[in-house]
Amino acid sequence: MLFERPNSGERAILVHLNLNSEDEREDADEFVQLVTSAGGDPVAFITGQRQHPDPRSFVGSGKLAEIRQALQDHDGELVLFNHALSPSQERNIERELQCRVLDRTGLILDIFAQRARTHEGKLQVELAQLEHMSTRLIRGWTHLERQKGGIGLRGPGETQLETDRRLLRARIKSIQSRLSKVRRQRDQARRARQRADIPAVSLVGYTNAGKSTLFNVLTESTVYAADQLFATLDPTLRRIQVDDVGPVVLADTVGFIRHLPHKLVEAFRATLEEATLADLLVHVVDCADPERSDNVRQVKNVLEEIGADSIPVLEVYNKTDLLGTTPRIERNEHGDVTRVWLSAQRQQGLELLGDALAEILSGDIVEPELVLNASDGRLRARLYQLNAIQSEQLDEAGRFHLKLRLPSVDWQRFLAAESLSEASLNTQQSSDEMSPTRR
């Protein structure tokens with residue numbers, strides 16, 4: 001640390017106020033989950049109600065005394081607020097309570113720091129922490145005076161606070177430069193997938209909705225999955241096979257949360273780009289969560305903030321086993337798939353999700369029949385590469401009678417690449433026709 005603060009521990013006093021001035025109140029139960037996910041031990045939960053936050057201490061002198069008493073009664077080591085505190089409020093509360101104080105943003109940053117595994121994830125967490133810290137530097141150095149002059153000591157007279165701010169700016173600039181390099185590398189990988197015409201699907205959703213569990217089941221991977229908030233931080237990409245589509249890149253992304261701090265959105269821009277540049281977003285929803293409607297709305301808000309609100313979305317209502325409902329597919333009035341109900345943990349309804357992905361990503365499906373001569377082995381091999389051949393029969397003349405099934409766009413691309421005409425694919429070809437005619 002670049003500055004001194006009271007020692008921190010794990011025994012936490014939690015503070016949550018219902019403010020009449022708030023348009024959207026924070027969830028108290030979710031706050032407890034955040035604390036336990038960070039490794040904290042909630043020993044007391046203090047609640048209250050105010051019209052507006054106190055500009056100096058957020059909670060007011062009376063509530064501050066109650067918090068101080070709770071710290072003494074429970075041997076508390078830090079105080080966590082389920083709100084965003086200004087730097088001055090955080091500093092004033094720490095001075096009064098003589099223990100470390102963290103607001104909601106600082107708590108989420110701590111969880112992210114614990115979960116980061118990859119080099120990119122650690123850089124993004126450090127960037128968010130430094131930007132959050134830069135506004136709070138003054139707390140530790142108010143006791144230092146400007147450096148004195150003298151022989152061999154003369155200089156610009158920079159204070160320690162100014163020095164730390166300069167060092168922070170240099171470090172932030174360095175991290176942003178390295179993250180730009182990561183972003184360029186991701187862009188190259190995406191362009192390679194686009195050239196190969198491989199669709200990209202991103203799993204998005206509220207934290208702890210079951211995205212990683214679903215990802216592991218679909219890809220046979222071992223991504224860390226746990227019943228805790230922000231179990232996944234670093235994005236993971238795997239290739240899966242989808243009927244009528246072929247290879248698809250599936251991405252598991254960081255979970256969203258209500259009032260996701262703007263600093264985190266900016267710091268994790270490189271990671272969130274996996275969602276912004278996807279061909280389809282699979283929005284995983286915990287259908288057993290009593291707050292699911294609000295969670296869905298919060299995810300939509302974050303998608304809008306990162307510029308991904310125009311991408312097609314398939315809603316997947318996970319954890320049907322907790323509700324005792326049967327996996328199923330829901331469609332709109334036009335017959336299009338809008339929602340799939342399943343249980344990733346029990347692996348129930350996964351085939352329905354596969355059907356939905358195939359229907360959305362493949363578009364129009366064509367089922368032509370084709371007769372190839374034995375000399376047309378290259379065309380036959382190409383159709384096998386496209387996974388388009390459903391069945392084939394060999395007649396007495398040595399010709400292959402193929403029944404195909406593939407997306408219309410792949411079929412038209414195949415025709416153009418092989419310089420074939422639609423007439424050559426007449427399903428009623430006569431027995432004496434040897435092979436497709438060239439244009």
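This passage describes selected strands, helices and individual residues of a predicted model.

Strand 1, which spans residues 11-19, has seven of its nine residues buried, so this strand is largely enclosed by the rest of the structure. Its pairing involves two other strands: nine bridges link strand 1 to strand 2 (residues 41-50) in the parallel sense, and four bridges link strand 1 to strand 3 (residues 78-81), again in the parallel sense. Individual positions illustrate the two pairings, with L14 standing opposite F45 of strand 2 and V15 having F81 of strand 3 as its bridge partner.

H16 also belongs to strand 1, and it counts as buried because its relative accessible area is 5%, under the 20% limit. Its side chain is joined to that of N82 by a polar contact of 3.0 Å. When residues up to four places away in sequence are set aside, H16 touches E26, A28, F45, I46, T47, G48, N82 and H83, so that F45, the residue opposite L14, is among the contacts of H16 as well.

Helix 1, comprising residues 28-37, contains V32, which is partly exposed because its relative accessible area of 29% falls between the 20% and 50% limits. Apart from neighbours within four places in sequence, V32 is in contact with L14 and F45, the two residues that stand opposite each other in the pairing of strand 1 with strand 2. The C-alpha atom of V32 is separated by 7.5 Å from that of P42, a residue ten positions away along the chain.

A second set of parallel pairings is centred on strand 8. In this strand, which covers residues 280-286, seven of the seven residues are buried, so strand 8 is largely enclosed by the rest of the structure. The residues L280, V282, V284 and D286 point one way from the strand, whereas L281, H283 and V285 point the other way, and buried residues are thus found on both sides. Strand 8 is joined to strand 5 (residues 200-205) by five bridges, the two strands running parallel, and within this pairing V201 has L280 as its bridge partner. Strand 8 also pairs in the parallel sense with strand 9 (residues 313-318), here over six bridges, and H283 has E315 of strand 9 as its bridge partner. Between these two strands the chain passes through helix 10 (residues 292-305), and the resulting β-α-β crossover is right-handed.

Helix 7, formed by residues 211-219, has K211, S212, L214, F215, N216 and T219 as buried residues. These buried residues pack against several elements, namely strand 5, strand 6 (236-242), strand 7 (246-252), strand 8, strand 9 and helix 12. Helix 12, one of the elements packed against helix 7, consists of 13 residues (350-362) and reaches 18 Å from its first C-alpha to its last, which is close to the 18 Å expected at 1.5 Å a residue. Within helix 12, the residues L350, L352, L353, A356, L357, A358 and S362 are buried.

Backbone conformations with positive phi were found at several positions around these elements. N208, which is not a glycine, has a positive phi of about 70° and is located in the loop between strand 5 and helix 7; with a relative accessible area of 19%, N208 counts as buried, since the limit is 20%. E220, just after helix 7, takes a positive phi of about 55°. K319, likewise not a glycine, has a positive phi of about 70° and lies in the loop between strand 9 and helix 11 (320-323). The relative accessible area of K319 is 18%, and K319 is therefore buried under the 20% limit.

With regard to cysteine, the structure holds zero disulfides. Two cysteines were examined for burial: C99 counts as buried because its relative accessibility is 6%, and C287 counts as buried because its relative accessibility is 3%.

Note on methods:
Residues are numbered from 1 along each chain as its sequence is written. This is a predicted model: local features need pLDDT of at least 70, side-chain atom pairs count only at pLDDT 80 or more; totals for chains, interfaces and linings use all residues. Side-chain values use heavy atoms; hydrogens and water are left out. A disulfide is a pair of cysteine sulfur atoms within 2.5 Å. Buried means under 20% relative accessible area, exposed over 50%, partly exposed in between (1.4 Å probe, protein chains only). Two strands pair if DSSP finds at least two bridges between them. A crossover is right-handed if, with the strands pointing away from the viewer, the path from the first strand over the helix to the second runs clockwise. The expected span of a helix is 1.5 Å times one less than its number of residues. A polar contact is a pair of N or O atoms within 3.5 Å; within protein, one must be able to donate a hydrogen and the other to accept it, and residues adjacent in sequence count only if both atoms are side-chain atoms. Contact means heavy atoms within 4.5 Å.
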